[in-house]
Amino acid sequence: MRKPYYWPARRGWYVETSTSRINLGPDEQKSHDKWAAMLAAASRRDSRDPTLTELASLFVADSEGRVSRGELSIDTHSNYVWYIDSFGKRYPALAVSQIEPHHVTDWMAANLTWGSSARRHAIGTIKRVLNWGRRERRILSNPIEDVERPSQPRRNSLVGDDDHKSLVLASGGQPFSGRIDRQFRLVLIAIRHCGGRPQDVARARVEYVDAEVTKWTLPDHKTKRHTERPRVIYLSPCLQTITRVLMVGRESGPLFRGRRGAETTNAISCRIKRLKKDLTIDPKIVFYSYRHTYITDAMRRGIDVATVAELTGTSIEMIQRHYGHLGQRTDYLREAAAQAVARPEVEPTPRKSK
């Protein structure tokens, strides 16, 4: 392992191993101390006990291969890299055999701004790296196998008509013109009309639109590995009009564009989060709430669950388990309860006894 060197562009000291480049921090003395600790740890361990940084580098390389083969989405890979980098910066020289559950606890305590979803994904990523290393026989065991992840928060909130109207008006620049560009209102309308996942809207491209402008065909989507077919989004009349407007003068490129190019799910989610601070709407509403609202309203209007599943690119089981929030449509349920016991308008003629 070569001695540390200073990287002016990154304003920090780095050391290179056979598989990765490790950031030791901006302080020269502390960087050399970390390097010495890494050398000492390397001399004590055998080939079946790499540092987590070394193991993670091999995992990331394997992940990149899966992306190139279409087995993993680039977004998932990017999330892996982000959380691995965060953990690696905190424990650059920690051997796998030295990892204890408290290392994860301390890591979480150092990132108090992370919500339950981020904490869940962070812990899951490190556990995934270690489980992968064990399956590949690169390490002997996963030392944090028993560490529990936070439970997945339920996205139960639905987007009411008034809440949607408030978001659309705000995204159009009235009265929050400094918050967000006007084109974002088209993103909100699109997700309300297609019922897709947030990434479906973010990944929509001009070249994915059919000649009649009646559908988007997305080759890359969340369930591609399971379905082995593209995701087809059938466009409502409103969404057909929006698509035609966005395609004018263009032959390729992302359909929905943000300030810095193609829209991303993270950028859209952050914009909704910022808008909610200035609006009197349900604070639990997130980007994914639009998908839940679409599915729930479609079922309320009598569309059979199999058709709804096909329209939204999911399974009947998933809809029954997670998406059918009819319990929040109290007016509909009151009407249904009344209809269930309503007497027919024409009473049947009683049969005459012989």
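A polar contact is a pair of N or O atoms within 3.5 Å. Keep that cut-off in mind for the first view of this predicted model.

**Figure 1. Ser157 and Asp282 meet through their side chains.** The polar contact that joins them is 3.4 Å, which is within the 3.5 Å cut-off. To find Ser157, look in the loop between α5 and α6. Ser157 is buried there, because its relative accessible area is 8% and buried means under 20%.

**Figure 2. Helix α11 has a buried side and an exposed face.** This helix covers residues 265-276, which makes 12 residues. At 1.5 Å a residue they should span 16 Å, and the C-alpha atoms at the two ends are 17 Å apart, so the expected and modelled spans agree. Ile268, Arg271, Ile272, Leu275 and Lys276 are the buried residues to look for in α11. These residues lie on the same side of the helix, because they cover an arc of only 135° around its axis. Turn to the face directed away from that buried side, and you will meet the exposed residues Asn266 and Lys273.

**Figure 3. Trp216 and Phe256 have the most contacts inside the largest nonpolar core.** This core has 33 residues. Two or more residues come from each of α6, α7 (184-194), β4 (215-218), α10 (237-247) and α11. The most generous of these is α7, which gives 7 residues. Now zoom in on Phe256: leaving aside residues up to four places away in sequence, Phe256 touches Gln183, Leu186, Val187, Ala190, Val201, Ala204, Trp216, Ile242, Leu246, Ala262 and Glu263. Another core, of 28 residues, lies apart from this one, and among its members are Leu72, Tyr83, Phe87 and Ala122.

**Figure 4. Asp200 and Arg231 form a salt bridge.** Side chains of opposite charge can pair when their charged atoms come close. The closest N and O atoms of Asp200 and Arg231 are 3.3 Å apart. Asp200 belongs to helix α8 (residues 198-203) and Arg231 to strand β5 (residues 231-234), so the salt bridge ties together parts that are 31 residues apart in sequence. Both partners, Asp200 and Arg231, are buried.

**Figure 5. Arg134 pairs with Glu145 in a salt bridge.** Here the closest N and O atoms are 3.3 Å apart. Arg134 sits in helix α5 (residues 116-135), while Glu145 sits in the loop between α5 and α6 (161-171), and the two are 11 residues apart. Arg134 is partly exposed, with a relative accessible area of 27%. Glu145 is partly exposed too, and its value is 44%. In total, the structure holds 7 salt bridges.

**Figure 6. Arg205 and Glu207 form another salt bridge.** Their closest N and O atoms are 2.7 Å apart. Arg205 is partly exposed, at a relative accessible area of 28%. For Glu207, which is likewise partly exposed, the relative accessible area is 37%.

**Figure 7. Thr227 and Gly313 are 9.5 Å apart in space, C-alpha to C-alpha.** In sequence, 86 residues separate Thr227 and Gly313. You can pick out Thr227 in helix α9, which runs over residues 224-227. Is Thr227 buried, partly exposed or exposed? Thr227 is partly exposed, because its relative accessible area is 34%, and partly exposed residues fall between 20% and 50%.

Note on methods: Residues are numbered from 1 along each chain as its sequence is written. This is a predicted model: local features need pLDDT of at least 70, side-chain atom pairs count only at pLDDT 80 or more; totals for chains, interfaces and linings use all residues. Side-chain values use heavy atoms; hydrogens and water are left out. Helices (H or I, at least four residues) and strands (E, at least two) are DSSP runs, numbered from the N terminus. The expected span of a helix is 1.5 Å times one less than its number of residues. Buried means under 20% relative accessible area, exposed over 50%, partly exposed in between (1.4 Å probe, protein chains only). The arc is that of the directions from the helix axis to the C-beta atoms. A salt bridge is a side-chain nitrogen of Lys or Arg within 4 Å of a carboxyl oxygen of Asp or Glu. A nonpolar core is a set of buried Ala, Val, Leu, Ile, Met, Phe, Trp, Tyr and Cys residues joined through side-chain atoms within 4.5 Å. Contact means heavy atoms within 4.5 Å. A polar contact is a pair of N or O atoms within 3.5 Å; within protein, one must be able to donate a hydrogen and the other to accept it, and residues adjacent in sequence count only if both atoms are side-chain atoms.
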